[in-house]
Amino acid sequence: MKKHSVSPLLALLFAFVFITPVLASATTAAVPADIAQKLLIEGNQRFVTDKYTMPQIGQERRSKLTEVQHPFAVIVSCSDSRVPPEIIFNQGLGDLFVVRVAGNVLDSLELGSVEYAVEHLGTKLIVVLGHEKCGAVKATVDGGDIPPNIAAIAAKIQPAVDTARAANSSNIYEASADANISNMVAHLHADPLLAHIDGVIIVGAKYHLESGQVELIK
Ligand SMILES: [Zn+2]
């Protein structure tokens with residue numbers, strides 16, 4: 001009988017040593033959107049306060065990622081050199097699935113990229129990240145003679161400029177950037193594929209150039 005009383009303890013120990021890591025990695029495979037958002041906010045806070053920690057980019061991390069990736073957030077951001085998502089959120093390899101295009105706009109190609117991350121990689125949080133003093137937004141507001149490919153981007157931003165103008169915004173550039181973020185969030189909400197996947201959260205955010213702060217837009 002004594003022998004049997006030891007077995008459950010051993011089983012418990014086994015569970016802690018061998019099963020807990022498996023559960024942990026399963027959690028990593030589909031990080032809930034609210035936890036993903038917390039990870040981004042904490043990472044940005046480290047960046048803002050100059051308490052930047054070395055992200056996981058070493059050999060061990062690279063080896064772990066050769067066969068699989070489970071990025072915990074999709075970031076749709078502007079291509080602007082001052083707004084690199086991995087840096088401003090203090091994240092490493094395999095953490096973020098980043099779709100970058102001037103003006104953080106969404107067309108079929110960008111939407112397809114977002115859908116891929118959500119459907120195939122299990123990512124639950126999507127962030128549309130705009131920023132202050134966006135050149136693509138400024139070009140759209142200023143108008144004039146824009147080359148065709150840049151005009152394609154401007155055409156996507158134009159509805160936001162129209163919204164900002166209709167509201168008589170005092171700062172037409174920033175109001176347009178804000179409206180553009182909201183429009184792209186709405187665009188993602190209207191995506192039928194994303195709408196059918198449980199637990200997906202889509203948020204807008206704006207990066208402030210000087211402070212480094214990412215402000216979530218409600
Ligand atoms: Zn920009």
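The following exchange concerns a zinc site, two helix packings and one glycine in a predicted model.

Me: What makes C78, H131 and C134 the protein donors of the zinc ion?

Reply: Donors are N, O and S atoms within 2.8 Å of the metal, and the SG atom of C78, the NE2 atom of H131 and the SG atom of C134 lie 2.0 to 2.3 Å from the zinc ion, so these atoms count as its protein donors. Along the chain the donors follow the spacing C-x52-H-x2-C. The pair C78 and C134 links distant parts of the chain, 56 residues apart, with C78 in the loop between β1 (73-77) and α4 (85-88) and C134 in the loop between β3 (125-131) and α6 (135-142).

Me: Are C78 and C134 buried or exposed?

Reply: C78 is buried, and C134 is buried as well, where the term stands for under 20% relative accessible area.

Me: Why is α6 called roughly perpendicular to α8?

Reply: The axes of α6 and helix α8 (residues 172-189) come within 9 Å and cross at roughly 115 degrees. Angles of 65 to 115 degrees count as roughly perpendicular, and therefore α6 is described in that way relative to α8. The crossing of these helices, α6 and α8, is right-handed.

Me: Which residues of α6 and α8 meet, and how do they divide by class?

Reply: On the α6 side V137, K138, V141 and D142 take part, and they meet I172, Y173, S176 and A177 in α8. The residues of this contact divide into five nonpolar, one polar and two charged, a division in which Tyr counts as nonpolar, and Asp and Lys as charged.

Me: What makes α6 roughly perpendicular to α7?

Reply: Helix α7 (residues 148-166) packs with α6 at an angle of about 70 degrees, with their axes 9 Å apart. Since the class of roughly perpendicular runs from 65 to 115 degrees, α6 is therefore assigned to it with respect to α7. The crossing of α6 and α7 is right-handed, and in their contact A136, V137, T140 and V141 of α6 meet I153, A154, I157, Q158, V161 and R165 of α7. By class, this contact has seven nonpolar, two polar and one charged residues.

Me: How do you know that G122 touches A29, A30 and A117?

Reply: Contact means heavy atoms within 4.5 Å, and G122 touches A29, A30 and A117 when residues up to four places away in sequence are not counted. The place of G122 is in the loop between α5 (108-120) and β3, and its C-alpha atom is separated by 8.2 Å from that of V31, 91 residues apart along the chain.

Conventions:
Residues are numbered from 1 along each chain as its sequence is written. This is a predicted model: local features need pLDDT of at least 70, side-chain atom pairs count only at pLDDT 80 or more; totals for chains, interfaces and linings use all residues. Side-chain values use heavy atoms; hydrogens and water are left out. Donors are N, O and S atoms within 2.8 Å of the metal (3.2 Å for Na, K and Ca); water is not among the atoms, so sites may look incomplete. Helices (H or I, at least four residues) and strands (E, at least two) are DSSP runs, numbered from the N terminus. Buried means under 20% relative accessible area, exposed over 50%, partly exposed in between (1.4 Å probe, protein chains only). Axes are lines fitted to C-alpha atoms, for helices over the stretch in contact, and angles run from 0 to 180 degrees between N-to-C directions. Angles under 35 degrees count as roughly parallel, over 145 as roughly antiparallel, 65 to 115 as roughly perpendicular and the rest as oblique. A crossing is left-handed if the near helix is turned anticlockwise from the far one by less than a right angle, and right-handed if clockwise.
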